[in-house]
Amino acid sequence: MDLRYTDEQDQFRREVRDWLAGHVPAEPLPSLDTPEGFELHRDWERTLESGNWGMVTWPVEYGGRGCNLIEWLIFEEEYYRAGAPLRVSQNGIFLLGPTLMEFGTDAQKARFLPPMAAGDEIWAQAWSEPNAGSDMAAIRSRATRVTENGEDFYVLEGQKTWSSRAVFADWGFGIFRTEPDSKRHKGLSFILFPLDADGITIRPIRQLDGDAGFAEIFFDDARVPVANRLGDEGQGWHIAMATAGFERGLMLRSPARFQVTARRLIELYRQNAERVSPATGERVIECYLDAEAYCLNTYYTASRLMAGGRIGSEASCNKIFWSELDRRMHRIAMSMLGARAELTEHAADAVDAGRWLDGYLFSLAGPIYAGTNEIQRNIIAERCLGLPRA
Amino acid sequence: MDFTFTTDELELRDGAREYLRGRCTPETLRGLVESGTADLAGWPELVEMGFAGFLVPDSAGGLGMSDTAFVLLAEEAGYVAMPEPLVDVAGIAAPLLAALDSDAAAQIAAGAIRVLTSHPLNPYVNQLGTGDQVLRFSDDKVELIAAADIETTTVDSIDPLRQLAHIETAETAILAEGVEAGTLAARAALRGALFTAGELLGLTAAMIDMSRAYAVERKQFGVAIGTFQAVKHHLATAFTRLEFARPVVYRAAATLDGDERRARLAVAHAKIAAADAATGAAEAAIQVHGGIGYTFEADLHLFMKRVWALCGLWGDRHHHMRFVDSEILHGHLQTGPATTFAANGLASGQH
Ligand SMILES: Cc1cc2nc3c(=O)[nH]c(=O)nc-3n(C[C@H](O)[C@H](O)[C@H](O)COP(=O)(O)OP(=O)(O)OC[C@H]3O[C@@H](n4cnc5c(N)ncnc54)[C@H](O)[C@@H]3O)c2cc1C
């Protein structure tokens, strides 16, 4: 055990830091859930790509830098430290990208990875349906195979919902029932579809903050080539679980994000120390310590994975830990803001431009998306602790 | 950056685990409780295993292992709720005496003597047996009290396997004074808090495991209680807390010899995280056990009681929180991304 960075790692950090210092927009970009903000975030992805900083962990052959997990953590630390924009392409580069590398054909990789990396094609994830949320295996959307003029297509029918960024994104991925009377996890296939295809309708849904951060997707006789299927027919559930594993595991929420929030919380406490209740300081410290613990746990897991270990169901612990910490930090901040807590971004007196309020709203979604925390606790109890299923 | 244990460390841990789980079973513990003694006849065996001299250099007949490895050993000792004062003798007194070039270190490693500790943070000595010596820390001196000079009054703990005594001996042989004594006392406190955190991790894992076993076996409404989601979620939460406390404790071990304030902060965090995980797990465990958990009939009480005792040792939550407060809220230590391992590299000199 040696918890010092090597010279190469320090050098890498410096390189990231210098590049970001010269490129991160001086002013925060508008929300990526607005048309203007979305395009500005897309531009930022292009800027990242121009410096070859888009997907540092991707292999060099797909346009990445082949960074290991420790380098990825260093990159993320610098990224958040520099206050760089949110990643509008996160569903693609963190979730679908690795899934394509594992299950895609060479042709699929060549077709989809480069524009994903360049920010030219932004991806939306489409698992959930109105009657299939936590119970994802209950999905009903169908993909029926047809042959016309010698070409094989899937005809997509049905409805997906809560698809983040689908309002402005270019492509979607999801699972569909390819075997008509199949039940539950069987007979599903993983399919990629352009969001502007004929027969696909997007209905934006306003989220808590008023912006259309996700959407319903309706499929009515939408046709996609069979070549858009990832993996074998019927293998959809298996592949989707791999994607969900990437989501719950290390990549979705890197520790730096929460360390920034913890630091802001400490600053907010200092500004309000005179008027808040005596117990507040300790609650703030607990958040700081938990953000550190999240960081330490991530480095620990990263080292273990680099030494050949695998991440299993304990990834569910991560998701619980960061989402509940994030909510707690924002709740404490909201309480310290008192009568100004309700002020939105544009209000003259809004503290930190309404960032705490915005963050609080989003933190409430953390225990819901990527599999609710109740589902994660079920997974931990059944798979890590071996308790019997009901 | 390598946050993994060496193969050697893991092998030693596995050996210790096998030995301790075989020797220090709940039945043994119950027997000790029945007999009203924490019979220490097992100590020579622990010496034989190399535990007593774990941190003593090879040149003095010890194993010369690292603090990181000792944390793993403490974790295993905690897992079986071992009553012997392993942390005190082997984790604190032995390396400290070795650093002072005292012969006592070699004698501890050889099993000829045991040296326990008395420290301003801990009002009582635990498991003081006939022939034991005591290393007594105070703000301005460190003394080694010979067995013959020890005068005590005993006090009762809720943990039947802790035997506490208050040392009444007046001033005796002084090992160190002034600044040096202060440094030694601080050093002992760091090690004490760190290794106690290690024991707490082990106790936490044990309580989760015994609750899991109980939840599979105990039936109500015709099914195992472990099928009930409320029961599952209690244990899943405890498990998650443990998963996130472990690396915190391991980091504190790995940085013990680095920058002093950073080391102290890391140890404070370790003690707080391990104690919180353990306290939470104890409450989850008794809830999952139901009525039997509130008795001497189930083994759980021995583990919970040890947790409550250890939470207050080598600095309670308030003690460590106050230090974190002084550094983080009221001090100027940098926080935020890239500062976690700061004392070790580029990140420290930022801005
Ligand atoms: C901000 C945000 C972004 C999202 N982005 C996407 C996206 O991009 N793509 C996508 O496909 N989906 C997305 N989702 C949807 C998300 O995955 C679902 O909301 C989630 O899986 C829960 O499903 P549900 O909303 O149908 O709730 P339900 O499944 O109806 O759950 C309601 C409540 O019941 C509880 N519950 C349900 N089943 C159980 C059980 N077995 N045990 C215990 N409790 C249970 C849940 O934990 C929850 O508390 C997003 C959601 C949010 C809030």
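**Figure 1. Polar contacts of the ligand in the predicted model.** An oxygen atom of the ligand is placed 2.6 Å from an N or O atom in the side chain of Ser134(A). The structure shown is a predicted model, and every distance in these legends is computed from it. A nitrogen atom of the ligand lies 3.0 Å from a polar backbone atom of Trp162(A). Asn378(A) contributes a polar side-chain atom at 3.3 Å from a nitrogen atom of the ligand. The ligand, taken alone, exposes 970 Å², and the protein buries 67% of that area.

**Figure 2. The shell of residues around the ligand.** The ligand lies between chains A and B. It is surrounded by 19 residues, the closest being Ser128(A), Ser134(A), Trp162(A), Ser164(A) and Thr372(A). By character, the residues of the shell divide into 8 nonpolar, 10 polar and 1 charged. Three elements of chain A give two or more residues to this shell: strand E1 (123-126), strand E3 (151-164) and helix H11 (373-384).

**Figure 3. Trp162(A) and its surroundings.** Trp162(A) belongs to strand E3 of chain A and is among the residues closest to the ligand. What is the sign of phi at Trp162(A)? The angle is positive, at about 55°, although Trp162(A) is not a glycine. Most residues other than glycine have a negative phi. Apart from neighbours within four places in sequence, Trp162(A) is in contact with Ser128(A), Ile205(A), Phe214(A) and Ala215(A). Of these partners, Ser128(A) is also listed among the residues closest to the ligand. Gly213(A) is 51 residues from Trp162(A) in sequence, yet the C-alpha atoms of the two residues are 8.6 Å apart in space.

**Figure 4. The buried face of helix H10(A).** Helix H10 of chain A spans residues 355-365, and its buried residues are Trp356(A), Leu357(A), Gly359(A) and Ser363(A). Seen down the axis of H10(A), these buried residues fall within an arc of 165°, and they therefore line one face of the helix. An α-helix has 3.6 residues a turn, so residues three or four places apart point the same way. The cover over the buried residues of H10(A) includes helix H7 (255-272) and helix H9 (315-337) of chain A.

**Figure 5. Asp352(A) in the loop between H9 and H10.** Asp352(A) is located in the loop that runs between H9 and H10 of chain A. Its phi is near 55°, a positive value in a residue other than glycine. Asp352(A) is partly exposed because its relative accessible area is 35%, which falls between the limits of 20% for buried and 50% for exposed.

**Figure 6. Lys319(A) and the backbone of Tyr369(A).** Lys319(A) lies in helix H9 of chain A. Is Lys319(A) buried or exposed? With a relative accessibility of 1%, Lys319(A) counts as buried. A polar atom of the Lys319(A) side chain is 2.7 Å from the backbone oxygen of Tyr369(A). The two residues are 50 residues apart along the chain, and their C-alpha atoms are separated by 9.8 Å.

**Figure 7. Glu78(A) in helix H3.** Glu78(A) is part of helix H3 of chain A, which covers residues 69-81. Glu78(A) counts as buried because its relative accessibility is 1%, under the 20% limit. Residues up to four places away in sequence are not counted among its contacts. On that basis, Glu78(A) touches Arg13(A), Val16(A), Arg17(A) and Leu20(A) of chain A, together with Ala338(B) of chain B.

**Figure 8. Arg114(B) and its polar contact with Asp132(B).** Arg114(B) is found in the loop between helix H6 (103-110) and strand E1 (115-118) of chain B. The residue is buried, with a relative accessible area of 7%. A polar contact of 2.7 Å joins the side chain of Arg114(B) to the side chain of Asp132(B).

**Figure 9. Arg261(B) in helix H9 of chain B.** Arg261(B) occurs in helix H9 of chain B, which comprises residues 260-289. At 45% relative accessibility, Arg261(B) counts as partly exposed. With residues up to four places away in sequence set aside, Arg261(B) touches Phe323(B), Glu327(B) and Leu333(B). One of these partners, Phe323(B), is 62 residues away in sequence, and the C-alpha atoms of Arg261(B) and Phe323(B) are 9.7 Å apart in space.

Note on methods:
Residues are numbered from 1 along each chain as its sequence is written. Chains are lettered from A and ligands numbered from 1 in the order in which they are written. This is a predicted model: local features need pLDDT of at least 70, side-chain atom pairs count only at pLDDT 80 or more; totals for chains, interfaces and linings use all residues. Side-chain values use heavy atoms; hydrogens and water are left out. Buried means under 20% relative accessible area, exposed over 50%, partly exposed in between (1.4 Å probe, protein chains only). Helices (H or I, at least four residues) and strands (E, at least two) are DSSP runs, numbered from the N terminus. The arc is that of the directions from the helix axis to the C-beta atoms. Contact means heavy atoms within 4.5 Å. A residue is near a molecule or strand if one of its heavy atoms lies within 4 Å of it. A polar contact is a pair of N or O atoms within 3.5 Å; within protein, one must be able to donate a hydrogen and the other to accept it, and residues adjacent in sequence count only if both atoms are side-chain atoms. Accessible areas come from the Shrake-Rupley method with a 1.4 Å probe; for residues, only the protein chains shown count as cover. Ala, Val, Leu, Ile, Met, Phe, Trp, Tyr, Cys and Pro count as nonpolar, Asp, Glu, Lys and Arg as charged, and the others, Gly among them, as polar.
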